[in-house]
Amino acid sequence: MKIYNTLTRRKEDLVPLQDNTVRIYTCGPTVYDYAHIGNLRTYVFEDALVRVLEWLGFTTLRVMNITDVGHLTSDADTGEDKIEVGARREGRSAWEIAAFYTEAFLSDMKKLRIKEADVLCKATDHVSEMIQIIQELERRGFTYKISDGIYFDTSRLKDYGNMALVDLEQLKAGARVEMVPGKKNATDFALWKLTPKQTDAEGVMRPVKRQMEWDSPWGRGFPGWHIECSAMSMKYITDAFLSGVFKPEKFQTIDVHGGGVDHINVHHTNEIAQSEGATGKKFVNYWVHGEFLLVEGQKMAKSLGNLYTVADLEKKGYSPLAFRLLCLMSHYRNQMNFTFNALDDAEKNLETVNDFFCRVEDYLKWSAVPELKEAPLLVEEFREKIRLKLADDLNTPEALAVFFDFMSEINKLLDRNVLGRESLGLVRDFVLELDDVFCFLQPKGELTDVEQDLLEKREAARAAKDYEKSDHYRARLRSMGVVLEDTPYGTRWRRTKFKEE
Ligand code: AMP
Ligand code: ZN
């Protein structure tokens, strides 16, 4: 498997450190609101990566975090905690907000058939691990304290910002505007934030109580956003926290770390700095980043009214799996322009795949013709073509295009009724195998009583050669979204959401 590594700006062979197991960490959601389709695109691409690796014969260990504290409204360590903002917005506690949106996230993941990570862990459960890493950084001389917290001194790490390839000078200039007073370098970042103090009505400085705060060797406060990912990835992927105590020498480089491209410059750059500072070892071998989703060519924003959730798509009648297919129809390293026309096309494609699968299953039940001896070879040839596409930096759009060619080849053979049951069994198993990668099959459902009745009436009219009546019933079924296909073995039906083909 070749994958594009942001660290080296090249496609590289993905070779796991330990045997055949690819150990993967991906940054999870900040649970202060519903996930939008941009977030979901990133999770779909990461899920596709895991599924493709498994299809190719690797084993995977996947860890995903839930950010339920510490992610501020600004990446520059200023602003408010997003969870506490959510709590105020909804008049609920920070803990309730986090629990509610974690559940909502998990339900969206199920609808998109995104596999739950092997370990799903919350930042608030790992404050002790974070504190231990910060203490190690302190011992190694990477930290300093200012009035608002403990900071990482990025000038102490010789290759800070290597991955980002950003112009550090430019970054420094830009950051000055929002610079926290006392910070030594613009790129320094908070490891631990102290509970802020404010002057009260009597002119006395008092701590502003946060809903989520902990004691620490530096005072009461809460962790900076980046440190949670170092703590949880080390804990669940390496032996660094085997007995609950941080042992930096036990850390083993993580194979893959993923997220959206917006995380390259700050979040992931800082994860690398603090992890490599604390262990002295390379943090991650392969960094994979998914490009952004745009809506009608624009950045998504609540204020623009173009921010959609899974529930919004469902309300408009779309299947979540159509959105998943749409994501896979663009390459993860290209920006994806979401439009409802494109989603319509994806929904049609989803119908095509599902009807193809049902057609194969029907013929499998009915076929009474001898085997086509080329069939196994044909399946093998297409499996190999798809394998080559997916193993080349996860080229899902081209792999899907090959699969659509496969469907048309098989459909032609079905039109000629030349596939025996064994061949059809191979085709069905191949589609099921690919469903484990793409997740495009859906339950077919049943006809309603009224539709079943119309279908039977049409059969009777056709048997009586009353074609006018037969056409009339066919048209009525079509108006209800049921499409008929006559085969040598009988009539099949499928359901469509579209008025016209
Ligand atoms: P957050 O909940 O803000 O931490 O974001 C969760 C994930 O969604 C991160 O991996 C982000 O990189 C990713 N993300 C945010 N916005 C978009 C977008 N418009 N398109 C693709 N990914 C996004
Ligand atoms: Zn992270």
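Student: How far apart do the C-alpha centres of domain 1 and domain 3 lie?
Tutor: In this predicted model, those two centres lie 58 Å apart.

Student: Which residues belong to each domain in the domain assignment?
Tutor: The assignment gives domain 1 as 20-290, domain 2 as 344-438 and domain 3 as 449-495.

Student: Let's look at helices. What makes H10 oblique to H12?
Tutor: Helix H10 (residues 340-366) and helix H12 (residues 396-415) pack at an angle of about 40°, with their axes 11 Å apart. Angles under 35 degrees count as roughly parallel, and 65 to 115 as roughly perpendicular. The angle of about 40° fits neither of those classes, so H10 is oblique to H12.

Student: In which hand does H10 pass H12?
Tutor: The crossing is left-handed. On the H10 side, the residues that meet H12 include Asn349, Phe356 and Tyr363; on the H12 side, Phe403, Met407 and Leu414 are among them. By class, this contact has 10 nonpolar, 3 polar and 2 charged residues.

Student: And why is H1 called oblique to H13?
Tutor: The axes of helix H1 (residues 37-55) and helix H13 (residues 421-438) cross at roughly 140° and come within 8 Å. Only angles over 145 count as roughly antiparallel, and the perpendicular class ends at 115. With roughly 140°, H1 is therefore oblique to H13. Arg51, Val52 and Trp55 of H1 make the contact with Glu433, Leu434, Asp436 and Val437 of H13. Those residues divide into 4 nonpolar, no polar and 3 charged.

Student: What makes H1 roughly perpendicular to H9?
Tutor: H1 and helix H9 (residues 320-328) pack at an angle of about 70°, with their axes 10 Å apart. The perpendicular class covers 65 to 115 degrees, so H1 counts as roughly perpendicular to H9. Here Ile37, Leu40, Arg41, Val44, Asp47, Ala48 and Arg51 of H1 touch Phe323, Arg324, Cys327 and Leu328 of H9. By class, there are 7 nonpolar, no polar and 4 charged residues in this contact.

Student: Now the strands. How do you know which strands are at the edges of the sheet E5-E4-E3-E12-E13?
Tutor: This open sheet of 5 strands has parallel pairing. Its edge strands, E5 (119-122) and E13 (284-290), each pair on one side only. Neighbouring strands are turned by 20° against each other on average, direction ignored.

Student: How do you know that E3 and E12 pair?
Tutor: Two strands pair if there are at least two bridges between them. Strand E3 (residues 21-26) and strand E12 (residues 254-260) are joined by 3 bridges and run parallel, so they meet that cut-off. Isoleucine 24 stands opposite valine 256 in E12.

Student: What do E6 and E7 form, and how many residues lie between them?
Tutor: They form a hairpin with 2 residues between the strands. Strand E6 (residues 143-146) and strand E7 (residues 149-152) pair in the antiparallel sense over 4 bridges, and isoleucine 146 has glycine 149 in E7 as its bridge partner.

Student: Which sheet do these strands belong to?
Tutor: They are part of an open sheet of 4 strands in the order E6-E7-E8-E11, with antiparallel pairing. E6 and strand E11 (221-223) are its edges, and the twist averages 25° from one strand to the next. Helix H4 (residues 127-139) packs on this sheet, touching E6, E7, E8 and E11.

Definitions and conventions: Residues numbered from 1 in each chain as written. Chains lettered and ligands numbered in written order. Predicted model: local features only at pLDDT ≥ 70, side-chain atom pairs only at ≥ 80, totals over all residues. Heavy atoms only, no water. Axes fitted to C-alpha atoms, helices over the stretch in contact; angles between N-to-C directions. Left-handed = near helix turned anticlockwise from the far one by under 90°. Contact = heavy atoms within 4.5 Å. Nonpolar A, V, L, I, M, F, W, Y, C, P; charged D, E, K, R; others polar. Domains from an automatic or database assignment.
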